[in-house]
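This report describes selected strands, helices and cavities of one protein chain. The sequence and the structure are shown first, and the text then proceeds element by element.

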Amino acid sequence: LGAGGQDGLSPRQAPPGSADAAGEPDWVTAFVQKKEERDMVDRLKEEQIRRKKREERLEKIRHNVQLKYVAKRKEDEAKRLLQLSKEALSQGAGEGVLDELDHNEEELILAEYESDDEKKVGSGLEEDDDDLEEEHVTKIYYCSRTHSQLSQFVREVQKSPFGKDTRLVSLGSRQNLCVNEEVRRLGALQLINDRCMEMQKNKHEKKSDEENEGKKRRVSRTVCPFYSYEQMQFLRDEVLVEVKDIEQLVSLGRETKACPYYGSRFAIPAAQLVVLPYQMLLHEPTRNAAGIKLKDQVVIIDEAHNLIDTITCIHSAEVSGFQLCCAHSQLSQYMERYRKRLKAKNLMYIKQILYLLERFVAMLGGNVNQNPGCQAVSQTGTVLKSINDFLFQSQIDNINLFKVQRYCEKSLISRKLFGFVERYGGPASAVKTNKENQKLAGLQNFLLTLQQGSDKEGTPQSPPVEAEHDHLRTASPLMQIEGFLSALTNANQDGRVILNRQGTVGQSSLKFLLLNPAVHFAKVVEECRAVIIAGGTMQPVADFREQLLCSAGVDPARVVEFSCGHVIPAENILPIILCSGPSNQQLEFTYQTRDLPQMMDETGRILCNLCNVIPGGVVCFFPSYEYEQQVYGHWEKTGLLSRLAAKKKVFQEPKKANQVEQVLVEYAKCIKRCSQTGGPMTGALLLSVVGGKMSEGINFSDDLGRCVIMVGMPYPNIKSPELQEKMTWLDKTMPRAAGQAPSRVLIENLCMKAVNQSIGRAIRHQKDFASILLLDHRYARPAIFNKLPQWIRERTQVKPAFGSAFAELRKFHRGKLDAL
C-alpha cells in the first residue's frame, strides 16, 4: 500500500525512529496506512449494509406486492364510487360553464419566467421519499434501434435461467408508454411531451393554490390522473419484482392507474439491467431527464451498424421557409392577443424569437410578412456556411441562443402556441364575432392564404411527409425551429449550416449538419466503465474506431475488437462475385454505364437463368428506387418481365412504409403455395432497394430468401452538399489510412455497410442456407473485397464468366434440395 522504504525495507520493516524516502517518520507512515485501511473497511461495511437493506426491501416487495395490489384495487373502487356520487349530485346544476371557458383560455398564458435564477426543478412529486435519492447499483444499459428489437431481447431474458432473479427495467418514450388517452390522441411525440409537462406543471400550481386558500380562487387546470406518487411507486415495485417488456408495462400501468413512463424511471437506481432505445442514451438532455447515470456503468449498443448516422441525425435539424413564416405569424398573433397578460421576461424572449425568425427568412431571401409560397427566390442553389459565419451574416450573433433555447424548453411556449392555434387559427375553428376574437382573424386568414398559396402554385411548400405529420407541420412549426436553435449552439468546428434555396421561400430550407459525432459520444465513453458496440454486421469497423472513439479522445489501447464466425457450417452458404453475364457483357454498374440497355438486358438474363434453378424466394437489391423502376420498366418493354414471371411471381418493394407488411405477406404466401402445389412456378422474386424497407430488420429466412442478388455497388450520391462537406472535414481532421484519403474511405465504407446489411438478410438461423450473388466486377478489388464480413469473405468465389458461376449455383441448390 505504500512506496518502498530505505535500504530495501518496507515502512513496517524500518528500524524505529527512522524516516522513509519522503522524510516521514515510520510511525506517521504506519498511521496513514492504518487510517486508509480503516476507511476502506468502513466504506465496504457501509456498502454491505446498503446492499443488505436493498435486498431486504426487494424481498419485502416480493412478499407483499399481491396484497398491496388487492388493497389498491379496493381503494380505487371506493374512490370511483365516491366520484360517481359527487357527479350525480351536481348534475343539472349548470355550474362551471363559464369556468371551463376561462380554464381553456387560462391554459394558453405563459407562466412567469425567471431565467437568471434558474431554479432547479425537482421531480415534481409532493412526497419526500428516501428511494428518490437511492444510489445507483452497478448496472448494464442495453440499447438497440427499435422497441420491437428491445422486446425480443426482454423475452430472451425472461426465458433465460436469470429471468426470475434479474431486476430489469424497460424505458421508452411517452409515445410508447403514455396511458392517458387524452394525451396519446395528440399523436406527435413533441406534442405529447409538451402536454405531459404542462399537466405536471398544472399539478404543482394546483397544490400551491390549495395551500393559499385565502387568496383569490384561480380556475382549475387539467392534471394527469396517472401521475400519482403512490401509484407510480407501486408500479416501480412491480417492475423490480418481475421482468416486463414495454407492452406488459403499459398494460400494468392501465391496470394500476399509474404512469409507466415515470414509474419505470423510479426503478432505474435499483435495476441491474436497463433496456432502452439508443436515441434515449445518445442524446444527453434526454439521458439526464430520464435519470440515467452512466458513471462506472456498462453500456451495450446493439444493432450499431448505423451508430454514426444515428448520432448525426439526432443532433442535426432542418426547418423550411414555410415553417419559419408560419411560426412568425402565429407567435406575432399570440403576443398581440396576450400582451397585457404576459410578464416582461416573456415579452422579451418572444420578441427575440420573432427577430430570429425574421433573420432566418431573410437569409433565404424572403420576408416574413409575405406568403412564402408566392415569394420567388432570386438566387437558387445550395450554400454551406460555418456556424459563426451564419450567425454573423444573419445578424443574430448578439443574441444568446443558449438562453433562448432554455426559455423555449422551460416555458413550454411551443405547447402554448399550439393550443392557441388549435383554438383560434385552424380553418375549421369557429371564431366568434366579438371584438376580442375579431383581432385574431388575421391569423386565421394568414393560415388560409398559406394553404391557398400552396394550392395555386401547384407545388408543396415542404417535402411530402406521412399524413399523420401534416397537422404538426402546419400547426406547430415552432417545435421544429427549437431543434434548429439547439443545433446552432454546437461548436463552430463541429457543424455546418446549409442554406437550400429552391424556387420559393416556402420550399427553401435551413439545415444544420453535424460533422463531428464524437463530440456527443465522448461523454458516454468517458463516464462508462465499459462500452460495447455490437452488431450482426459491423464491417468495416474503421469508421467506429476513427470517427467515434479516437476522435472522442479514447486511448487506442482501450479499444478491443472482437469478431467471430457465423453459426452456420461453411457448406450452407455460397457467395459469388460475378464479373460478366451470359453474353460476356462485363458487369460494371457505374452511373455512366448502368442506364445502358445492354446492362439492363444482361441483368434480366442473369435473373431468368437463376430463377430456373433456385427454389423458393429470390431477393434482388438495386442501388436506388429510381434505378429499380427504370430497370422494371425496361424489362416490361422487352418482354423479359413476362419470362421472369413464368418461373417466379414478381413483387416490388413499396415506397410507403405502411404497405411493406402487405407485400411481405403476399410474397410469403406465394412461396408457400408454390412449394406445396408444385407446377411450373417455383416461388417469388422480390425487387428491393438498398437502404430501403427490406434491407434492415427483415428476416428472409429459409424459403423466403434462398438467394440474395446485389445489382451493382450502392455508392452514395457524391454530389450531395452534405456528403461533400463531410468528406472535406474528414480530409482535414483524420489521418490517411493505407495511403487512401479519409474521404475515399468514407465513400467505400458507406457503400459496403449498405451491402453487408442487405446480403445479411438471408442467413437467419443455424440450419438456414442461401447463395449470395454480387453483380459487379469491382467487388473483386482487394480494398472492396476485404470489407465484406469475414464469414462471407472467406467463403466467396470470384467468377470471371457466367457459365462456371451458374454451374456452382445449380449444384449448390440441387444438393441442398436433395438433403432436405
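Asn-500 stands opposite Ser-509 in strand S8. In this predicted model, S8 (residues 504-514) is joined to strand S7 (residues 495-502) by 7 bridges, and the two strands run antiparallel. Both belong to an open sheet of 4 strands, ordered S5-S8-S7-S6 and paired in antiparallel fashion. Strands S5 (317-320) and S6 (381-386) stand at the edges; each has a single partner strand, so one side of each is left without a neighbour in the sheet. From one strand to the next, the twist averages 15°. Helix H13 (residues 321-338) lies across S5 and S8, and runs at about 70° to S5.

A second group of paired strands involves S13 (residues 683-689). Here 7 of the 7 residues of S13 are buried, so this strand is largely enclosed by the rest of the structure. Strand S13 runs parallel to S11 and also parallel to S12. Strands of a sheet pair through backbone hydrogen bonds, in either a parallel or an antiparallel manner. The bridge counts for the strand pairs described in this report are set out below.

| Strand pair | Bridges | Direction |
|---|---|---|
| S7 (residues 495-502) and S8 (residues 504-514) | 7 bridges | antiparallel |
| S11 (residues 616-622) and S13 | 7 bridges | parallel |
| S12 (residues 648-652) and S13 | 5 bridges | parallel |

Individual residues can be placed within these pairs. Cys-620 has Leu-687 in S13 as its bridge partner, while Lys-648 stands opposite Gly-683 in S13.

Burial is also marked in a helix. Helix H17 (residues 413-424) has 12 residues and reaches 16 Å from its first C-alpha to its last, close to the 16 Å expected at 1.5 Å a residue. Of its 12 residues, 10 are buried, so H17 is largely enclosed by the rest of the structure. The buried residues of H17 include the charged-type names Arg-415 and Lys-416, together with Ile-413, Ser-414, Leu-417, Phe-418, Gly-419, Phe-420, Val-421 and Tyr-424.

The final topic is enclosed space. The structure holds 2 cavities of 30 Å³ or more, and the largest cavity contains about 130 Å³ of space. This largest cavity is lined by 13 residues, of which Cys-178, Asn-180, Cys-196, Cys-224 and Cys-259 are the closest to its centre. Helix H6 (residues 189-211) gives the most to the lining of the largest cavity, with 3 residues.

Terms used
Residues are numbered from 1 along each chain as its sequence is written. This is a predicted model: local features need pLDDT of at least 70, side-chain atom pairs count only at pLDDT 80 or more; totals for chains, interfaces and linings use all residues. Side-chain values use heavy atoms; hydrogens and water are left out. The expected span of a helix is 1.5 Å times one less than its number of residues. Buried means under 20% relative accessible area, exposed over 50%, partly exposed in between (1.4 Å probe, protein chains only). Two strands pair if DSSP finds at least two bridges between them. Axes are lines fitted to C-alpha atoms, for helices over the stretch in contact, and angles run from 0 to 180 degrees between N-to-C directions. Contact means heavy atoms within 4.5 Å. On a 1 Å grid over the protein atoms alone, a cavity is a set of points where a 1.4 Å probe fits but cannot get out, and a pocket is an open set with protein on both sides within 12 Å along at least five of seven lines; lining residues have an atom within 4 Å of a point. Grid points are joined across faces, edges and corners, and a volume is the space filled by probe spheres set on the points.
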